[in-house]
Amino acid sequence: MRVASRIAFGERKSGIRDPRRRYFLAFEGKITEHRYFKGLIGKIQRESLSFPLVEVILFARKDEHNGHSNPSQVVNYTIETVQAGSFPLDITYQELFEDYVFKVVGDSINRNGRNLAYSRAQRFLGRSRIQMQSKVSREFLEPFLEKIQEVLLLPLKSQDGLNIIKEVLDSYKFEDLSYREDDDSVCIIVDRDTQSFTSEQYDEVVQKCKTENFQLFVTNPCFEFFLLLHKTDASEYPVEEILRNRKIGKTTYIEKKLKEHVSHYDKSKFSFSEFESYISTALQNCEIYAQSLEEIKMSIGTNLHKLIVELLGK
């Protein structure tokens, strides 16, 4: 099972009861939703909101789901993942390198030192014909990081660098990603796209989530509508056009309206910073529309704000 990073507020120690509630988030979308929640958790970390009571883990779908998928696939894969007792995550060696260097030395390493560490890591992977853009595997995770340790230790001699590296390295081992049914929440986040998500499939997903005790968060018609609510209550747009969300050239109706507020919006280059200051606005605007799963099935709306409120500890 492949491994990658998680956004977390701390590590659980074996044998010790941890009061933190974990939220395991599974997305239908591969980029926009993931980046939004990654940004949101970064905000929580910076502002220490809900700390230390919440830990959020973003886990990836199987590679064959990287293209188009439907909510049923997301739910089924999540059920398999929970039953397996271990959560795969999504990060490349390149991303791991950047994150590891930042956590260990921050800005205290110069360009030459960073380049040396990068070259050492790259050579290590090259011997196994692995690219820096490849997904991380458990087999190579620890030795990959160990290859850059000696370089990173140089600027850390006065800071007990060995202990710093050991602490950070331990945080990447993912030894405890188990799901505690009584304490934790698995959250499925999907779109209510009537063109690819039939009424029968919707009912099936709702029932499966109830059976598995998963939280289901749906936006009708799509996640971009939730983003749009950060900027406007959308009352100026015809309801039928929002629900239909027809494609206009290469963009949908809602994407086009979103670009009227965020001119350079591009889901492939999504930036949370464009929406961070408007979260309170979005939470208020969500209240205008359908919020229950029964209502969202046929009406504009979302219950996603309820998850945001939980994570923010409001």
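In this predicted model, strand 3 and strand 4 (residues 215-220) run parallel and are joined by 5 bridges. Two pairs of residues help to place this partnership in the structure: V190 stands opposite V218 in strand 4, and I189 stands opposite F217 in strand 4. Between the two strands, the chain leaves strand 3, passes through helix 7 (residues 199-212) and arrives at strand 4. This β-α-β crossover is right-handed.

Strand 3, which spans residues 185-191, also has a partner in strand 1. Here again 5 bridges are found, and strand 1 (residues 21-27) runs parallel to strand 3. A good place to look for this pairing is A26, which stands opposite I188 in strand 3.

How much of strand 3 is covered? The strand is mostly covered, with 7 of its 7 residues buried. In a regular strand, side chains alternate between the two faces of the sheet. Both faces of strand 3 are covered. On one side lie S185, C187, I189 and D191, all buried; on the other side lie V186, I188 and V190, and these are buried as well. Two of the residues already met in the pairings, I188 and V190, thus belong to one side of the strand, while I189 belongs to the other.

Strand 4 is likewise mostly covered, as 5 of its 6 residues are buried. Besides its pairing with strand 3, strand 4 is joined by 2 bridges to strand 7 (residues 301-302). These two strands run antiparallel, and N220 stands opposite G301 in strand 7.

Attention can now turn to helix 7, the helix through which the chain crosses from strand 3 to strand 4. Two packed helices are described by the angle between their axes and the distance between the axes. For helix 2 (residues 71-84) and helix 7, the axes come within 9 Å and cross at roughly 20°. Angles under 35 degrees count as roughly parallel, and helix 2 and helix 7 are therefore roughly parallel to each other. Helix 2 passes helix 7 in a left-handed crossing. On the helix 2 side, the contact is made by P71, S72, V75, N76 and I79. Helix 7 contributes Q201, E204, V205, K208, C209 and E212 to the contact.

Key. Residues numbered from 1 in each chain as written. Predicted model: local features only at pLDDT ≥ 70, side-chain atom pairs only at ≥ 80, totals over all residues. Heavy atoms only, no water. Buried < 20%, exposed > 50% of the residue type's maximum accessible area, 1.4 Å probe, protein only. Helix = DSSP H or I, 4+ residues; strand = E, 2+ residues; numbered from the N terminus. Pairing = 2+ DSSP bridges. Right-handed = clockwise from strand over helix to strand, strands pointing away. Axes fitted to C-alpha atoms, helices over the stretch in contact; angles between N-to-C directions. Parallel < 35°, antiparallel > 145°, perpendicular 65-115°, else oblique. Left-handed = near helix turned anticlockwise from the far one by under 90°. Contact = heavy atoms within 4.5 Å.
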